[in-house]
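Thanks for coming. I will go through one structure today, starting with its pockets and then moving to a few side chains.

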Amino acid sequence: MSEIRTIRVLTVDDHPLLRTGISGAINAQPDMSVVAEAADGEEAIASFRLHRPDVTLMDIRMPKTNGIDAISTIRKDFPNARIVVLTTYGGDIQALRAFKAGAVGYLLKSMLRTELIDTIRLAHAGMRRIPPEIAQELAEHAGDEILTTREIEVLRDVAKGSSNKVIASRLSISEHTVKGHLKNILSKLDASDRTHAVMIALKRGFLDI
């Protein structure tokens, strides 16, 4: 009888209790084991290089290097790396960035109890995993215009409560230009006002505050 091939997993999350729970669930499987844990993107990159796991579970919002940047760095050196994003946030922009960076799966933390193990097996088998909720978000906004880097900068300042004058000063542009950016932002997000625009941007993943 052939020996079961163990799927070697790296878990990356800045919350120790969550990492412990995930590791316990994985190590309870006969065909899986956690080979390392990391608390931020920098540790994730170093751990991946050291252990070369079959599947990596990557949080996005972490200190030092975030998950998206860590995925990009790992995939640059290891193009065949199988990385699944674990996140609390289901915005289409964040998911799009993760897949562009090289993720093969995207799993909301609310789904861990029911879908974590199957997702790891799918990723290891070379398949992608996109939950229906995320796929729907991506499809819903597929034709939408993306905010530019400058528009995101303006909106980030709006989210902090800055006035047009303060935003103009910080970005070294005129108040008229700020108003132009805000007009474009409201149009692209189909928002009724500044506050509504911030709420939409947070939900979809344009902003990370």
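The lining of the largest pocket breaks down into five charged residues, five nonpolar and three polar. That is for a predicted model, so please keep this in mind throughout. The lining has 13 residues, and those nearest the centre of the pocket are Asn 66, Ile 68, Arg 97, Gly 205 and Asp 208. As for where the lining comes from, α3, α4 (92–101) and α7 (149–159) are the elements that give two or more residues to it. The space in this pocket comes to about 280 Å³.

Next, the second largest pocket, with a volume of about 170 Å³. How do the residues of its lining divide into nonpolar, polar and charged? Here six are nonpolar, one is polar and one is charged. The residues in question are Leu 18, Gly 21, Ile 22, Ala 25, Leu 112, Arg 113, Leu 116 and Ile 117. Two helices, α1 and α5 (112–124), each supply at least two residues of this lining.

Leu 18 takes me to Asp 13, since Leu 18 is among the residues that Asp 13 touches. Asp 13 sits in the loop that runs between β1 (7–12) and α1 (16–27). Is Asp 13 buried or exposed? Its relative accessibility is 2%, and because the cut-off for buried is under 20%, Asp 13 counts as buried. Its side chain has a polar contact, at 2.8 Å, with the side chain of Lys 109. Leaving aside residues up to four places away in sequence, Asp 13 also touches Arg 19, Ala 38, Ala 39, Asp 59 and Met 62.

Last topic, the aromatic rings. The structure holds two aromatic pairs. In one of them, Phe 48 and Phe 78 have a centre-to-centre distance of 5.1 Å and an angle of 55° between the planes, and the pair is tilted. These two residues are 30 apart in the chain, so to speak in distant parts of it: Phe 48 belongs to helix α2 (residues 41–51), while Phe 78 is in the loop between α3 (67–77) and β4 (83–87). Both of these phenylalanines are buried.

The other pair is Phe 99 with Tyr 106. Why is this pair called tilted? The ring centres are 6.1 Å apart and the planes are at 40°, so the pair falls in the tilted class, which covers what is neither under 30 degrees nor over 60. Phe 99 and Tyr 106 are buried too.

That is what I have; questions are welcome.

Terms used. Residues numbered from 1 in each chain as written. Predicted model: local features only at pLDDT ≥ 70, side-chain atom pairs only at ≥ 80, totals over all residues. Heavy atoms only, no water. Helix = DSSP H or I, 4+ residues; strand = E, 2+ residues; numbered from the N terminus. Buried < 20%, exposed > 50% of the residue type's maximum accessible area, 1.4 Å probe, protein only. Polar contact = N/O pair within 3.5 Å; in protein donor to acceptor, adjacent residues only side chain to side chain. Contact = heavy atoms within 4.5 Å. Phe/Tyr/Trp six-rings, centres within 6.5 Å; stacked < 30°, edge-to-face > 60°. 1 Å grid on protein atoms, 1.4 Å probe; cavity = no way out; pocket = protein on both sides within 12 Å on 5 of 7 lines; lining within 4 Å. Points joined across faces, edges and corners; volume = space filled by probe spheres on them. Nonpolar A, V, L, I, M, F, W, Y, C, P; charged D, E, K, R; others polar.
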